[in-house]
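Colleague: I would like to go through this protein step by step with you, beginning with the overall fold and then turning to the cysteines.

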Amino acid sequence: KCGSLEDASKVFCQMQNRDVASWNSMLAVYVQHERCTEAFKLYEQMQLGGVVPNRITLVTILDACTVCSLLGEGKLVHAQIVESGLEADVFVGTSIVNMYGKCGS
């Protein structure tokens with residue numbers, strides 16, 4: 001949490017083996033810097049690369065929706081969560097409630 005988005009991105013791009021934890025870390029960095037467009041692009045790349053989002057991924061991407069007031073994207077993520085069966089997870093469910101509460105409906 002030193003604040004260097006550029007350094008974090010450089011290290012992430014140089015990683016040869018990325019797992020869901022490394023993707024989640026980079027997503028969180030983008031959200032912390034309110035770079036929601038980049039976070040969503042990375043989220044798409046992650047999935048296209050065959051990495052399955054876990055509950056931390058989903059909480060993080062919902063946080064991006066909340067931070068940047070992206071209700072439309074939040075609804076899409078919510079639909080994906082329902083499809084994946086993770087809506088019952090207390091952390092994911094709380095993030096959904098938070099997103100709607102702060103973004104409106």
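Colleague: How many helices and how many strands does the protein have?

Modeller: This is a predicted model, and read along the sequence it follows the pattern α-α-α-α-α-α. The count is therefore six helices and zero strands.

Colleague: What is the radius of gyration of the protein, and what does the globule rule give for 105 residues?

Modeller: Along its principal axes the C-alpha trace spans about 40 × 25 × 20 Å. For 105 residues the globule rule gives 13 Å, and the protein comes close to that, so it is as compact as a globular protein of that length. The radius of gyration and the value from the rule are both given as 13 Å.

Colleague: Which residue does a disulfide join to Cys36?

Modeller: A disulfide requires two cysteine sulfur atoms within 2.5 Å, and by this rule the count comes to one disulfide. Its S to S distance is 1.8 Å, and the residue joined to Cys36 is Cys68.

Colleague: Where do Cys36 and Cys68 lie, and how many residues apart are they?

Modeller: The pair links distant parts of the chain, with Cys36 in helix H3 and Cys68 in the loop between helix H4 and helix H5. Along the sequence, the two are 32 residues apart.

Colleague: Is Cys103 buried or exposed, and why is its sulfur not bonded to that of Cys65?

Modeller: The sulfur of Cys65 is the closest cysteine sulfur to that of Cys103, but at 6.7 Å it is too far for a bond. Buried means under 20% relative accessible area, so Cys103, at 18% relative accessibility, counts as buried.

Definitions and conventions. Residues numbered from 1 in each chain as written. Predicted model: local features only at pLDDT ≥ 70, side-chain atom pairs only at ≥ 80, totals over all residues. Heavy atoms only, no water. Helix = DSSP H or I, 4+ residues; strand = E, 2+ residues; numbered from the N terminus. Rg over C-alpha atoms; globule rule 2.2 N^0.38 Å. Buried < 20%, exposed > 50% of the residue type's maximum accessible area, 1.4 Å probe, protein only.
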